[in-house]
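Biologist: Could you pull the structure up and walk me through it? I have a handful of questions.

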Amino acid sequence: MFDSLSEKLESVFKKLRGQGLMTEDNIKDALREVRLALLEADVNFKVVKDFVESVRTKAIGVEVLGSLSPGQQIIRIVHDELVLVMGGGSDNALDLAAKPPVALMMVGLQGAGKTTTCGKLGRHLKGLKRRPLLVPADVYRPAAIDQLTTVGRQLGLEVFNSSADQKPVDICIAAMKYAELNGYDTVILDTAGRHQIDDFLMNELAEIKAATQPREILFVADAMTGQEAVNVAVGFNELLDITGVILTKLDGDAKGGAALSIKAVTGKPVKFVGLGEKLDALEVFHPDRLVSRILGMGDVLSLVEKAQSVFDEKEAARLQQKLKKNQFDLEDFLAQMQQIRKMGSMESIMGMIPGMGKMMKQMKGAQPSEKDMVRIEAIIRSMTPGERANHGIINGSRRLRIAKGSGTSVPEVNQLLKRFTEAQKVVKQLQKLGPKGLLKGMGGLGKGMLPFG
Amino acid sequence: MEQVTKGFFRGLMDKIGVTSQPDDAPPSESEEQLQQAAVVADVQEKPKGEPGFFERLKQGLKKTTDGLVGRIDTLVLGKKVIDAETLEELEEILITSDIGVKTTVELIRTLEQRLGRNELKDGAALRAALKEEILARLVAHHQVLDMTGSRPFVLLVIGVNGVGKTTTIGKLASRYSADGRKVLLAAADTFRAAAAEQLESWGSRSGVDVIRHKEGADPSAVVFDACKAAVARQVDILIVDTAGRLHTKVNLMEEMKKIRRVIDREIPGAPHETLLVVDAATGQNAISQARLFKDAAGVTGIALTKLDGTAKGGIVVAVSHEFALPVRYIGVGESIDDLRDFNPQEFTDALFQA
């Protein structure tokens, strides 16, 4: 794993301390790190070159401030510049202002996620009080039509009835007519995946465009795409003049630098991001969040959202009550551990918290393996309710019984109990900090709340 | 952006030259049979790497060449002296060819050492050395998949969403059944809408049976049935299709471990091969995919898909080298016979053909 950009810049800038101004000379190494970080995030090399150039111009002559380290200053410039490139604050809502039915066309490479995104978009539009019609126009991939039909059924959306022996253009024309007659105000055209150099299929897209006059042509791009993103986006844009981009599969650990490249070379805004396989996992794009992700600066907002998505609200409320009364017991400890587990690996969680990069390294090796988790669960499950509520009563013979019951050993039980006592202390401290201390407490969570570290 | 545009048009022209047949039109019944016959003839004639293929791969890789080698040539050819700056630029070129940071740094270090021993006199020598080093890294782990060891031979196919798992399986099934082996497919992607239908459609094209359940069923249950059926019907090869999953999703990775456990319990020692399918357009994330899938699912081979576009196959070098994984197959198109054995020499040759 690569270190985050901020850490690397810190080390580069150690020698810069005490110098008054940033000059061509002393930021050279830093810019190299910026360049590598962007390349590592799959931003296209030409885009990187231009970008680093503009950062250089901005950075030279900037005073090295006392309160900020030079590294932080560069990061700041890079961050702001990136947000600017990504079109920070610009309106990226869908343009549906036309006489209904309005056509939306989805285009992209094979496997980018067009069909799934069609469904998500249909759901989104339904939420906007529109009446969308899904149109499967992918007659090439086996069962692609079935896929959209199924998605439509799951969402309660109507799917146009097409079959694989029709011509895609004919399907689209017929669908527009059908929509007009039946009162659908928005038509989402799901086209087949294709390479931008396949002129046979690309011409087909041009024909569909001419026939349906879509208000939006959305280029669906996989967040994991590498340097190739630029070639593909330029190819589609030249022929079709796309109106926007949807970045999919951003729920993985890809940095999504491709979005930056696409925006930079086509000038077309990213309108939505796909964040999961469930049909509600579509979100309006936030440039600043993606930028933080590219720079490895941590993404607190996404973390909070992720936490919200897995934490059971009732459970959380119950836990809060218990915390208030200082009754955090082994049962809660287990519940919490399981919830954290649901959020993904510790590494990915830590990666989202700013400044945790370093800590992550220290924790390496001390991290809970899946196996440890299972053992801890087994140990707690082997306790009686009484023991779980009050671990003070667990004496020697109880320990032996628990160890036997869980297939572990007494030292392991002892270790868990010790960790738990420490966790309880952290919880008490958290109480004192109040809600404001929550973030600080998250640091503590890594160390003390879990039975390792 | 001039270069990008130029590359695009050149790619377009290449494509016109290569694809005279509308290869994406859905094959009709008779065409299908013809195709199958062609596959059979193909395989019987010469099992791998028939003449047309090298040309084809080269065409497919032409774009990669434009990117990687074109730039390397501009950088090094005609250069009398190789200095640190040249290497630094070379490093950037390699990283931007999706070769991956770690592998790139290592390649550059090796070149530096050779430079230090005065082995590299000029640009051409540097280029040759680079080619040699890349080839060496691909050859080191290269191994053709041997499916004769056990019966049924279980092939588990995994990967993130949308890389072409089902399509690859369709091609594999056609190829092996054309080879005269009895193949059975298991539709263990019960999550994505119509995934089983897609697999069935491939299966019917090559006359291969598919074991499937209803959508939303437990994939392990499908696998269980498939294993039972594979043994009962005495098939040679069982290919298991799984749902695409992002490698960072803990619960989905757990699900995959369970699938593996079920397979191993029903057919001891299986799966004999776990094939990770990687999209050629993937960037640095492929490294992370390979790492996590290898940890969780014990990947034993790579299939690289969608090489018929303009995508660079650069990641193969990184993934194969960093994780000691052999590249087994490459996908070079959408029709049923567009799956080939990976050949490092040809791949590297094509990569460096200006």
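Modeller: What follows goes from chain A as a whole to its sheet, then to the cores and to some parts of chain B, and please keep in mind that this is a predicted model.

Biologist: How many helices and strands does chain A have?

Modeller: The secondary structure of chain A comes to 21 helices and 8 strands. Of its 453 residues, 55% count as buried, and the chain exposes about 19900 Å², of which carbon and sulfur atoms supply 53%.

Biologist: And what share of the contacts joins residues at least 24 apart?

Modeller: That share is 74%, taken among the contacts in chain A between residues at least 6 apart in sequence.

Biologist: What order do the strands of the sheet in chain A take?

Modeller: The sheet is open, has 8 strands with mixed pairing, and reads β3-β2-β4-β1-β5-β6-β7-β8. β3 (158-159) and β8 (282-284) of chain A stand at the edges, and each has a single partner strand, so one side of each is left without a neighbour in the sheet.

Biologist: Which helix packs on that sheet?

Modeller: Helix α5 of chain A, residues 114-127, packs on it and touches several strands, including β1 (102-108), β2 (132-137) and β4 (186-191) of chain A. The direction of α5 makes about 170 degrees with that of β4(A).

Biologist: Sticking with the strands, how many bridges join β5 to β6 in chain A?

Modeller: There are 5 bridges between β5 (residues 216-222) and β6 (residues 244-248) of chain A, and the two strands run parallel. F219(A) has V245(A) in β6(A) as its bridge partner. β6(A) is in turn joined to β7(A) by 3 bridges, again with the strands running parallel, and there L247(A) has V273(A) as its bridge partner. As for cover, 5 of the 5 residues of β7(A) are buried.

Biologist: Switching topic, which residues have the most contacts inside the largest nonpolar core?

Modeller: Those are F219(A), L90(B) and I239(B), in a core of 167 residues. Helix α3 of chain A, residues 45-59, gives the most to this core, with 7 residues. There is also a second, separate core of 23 residues, which includes L94(A), A112(A), C118(A) and L282(A).

Biologist: What does I239(B) touch?

Modeller: Leaving aside residues up to four places away in sequence, its contacts include L155(B), V157(B), I169(B), Y176(B) and L185(B).

Biologist: Now chain B: is strand β6 buried or exposed?

Modeller: In β6(B), residues 301-305, 5 of the 5 residues are buried, so the strand is largely enclosed by the rest of the structure. G301(B), A303(B) and T305(B) point one way from the strand, while I302(B) and L304(B) point the other way. That fits the general pattern, in which the side chains of a regular strand alternate between the two faces of the sheet. β5(B) and β6(B) run parallel and are joined by 5 bridges, with L304(B) as the bridge partner of V278(B).

Biologist: And what does helix α11 of chain B pack against?

Modeller: Its buried residues pack against β1 (153-158), α10 (250-266), β5 (273-279) and α12 (314-323) of chain B, and among those buried residues are I287(B), F293(B) and A296(B). The helix has 13 residues (285-297) and reaches 17 Å from its first C-alpha to its last, close to the 18 Å expected. Just after α11(B), G298(B) takes a positive phi of about 55 degrees.

Biologist: Last one: why does S382(A) count as buried?

Modeller: Its relative accessible area is 19%, and S382(A) counts as buried because the cut-off is under 20%. S382(A) lies in the loop between α17 (370-381) and α18 (385-389) of chain A, and its contacts include E387(A), R401(A) and I402(A).

Conventions
Residues are numbered from 1 along each chain as its sequence is written. Chains are lettered from A and ligands numbered from 1 in the order in which they are written. This is a predicted model: local features need pLDDT of at least 70, side-chain atom pairs count only at pLDDT 80 or more; totals for chains, interfaces and linings use all residues. Side-chain values use heavy atoms; hydrogens and water are left out. Helices (H or I, at least four residues) and strands (E, at least two) are DSSP runs, numbered from the N terminus. Buried means under 20% relative accessible area, exposed over 50%, partly exposed in between (1.4 Å probe, protein chains only). Contact means heavy atoms within 4.5 Å. Accessible areas come from the Shrake-Rupley method with a 1.4 Å probe; for residues, only the protein chains shown count as cover. The expected span of a helix is 1.5 Å times one less than its number of residues. A nonpolar core is a set of buried Ala, Val, Leu, Ile, Met, Phe, Trp, Tyr and Cys residues joined through side-chain atoms within 4.5 Å. Two strands pair if DSSP finds at least two bridges between them. Axes are lines fitted to C-alpha atoms, for helices over the stretch in contact, and angles run from 0 to 180 degrees between N-to-C directions.
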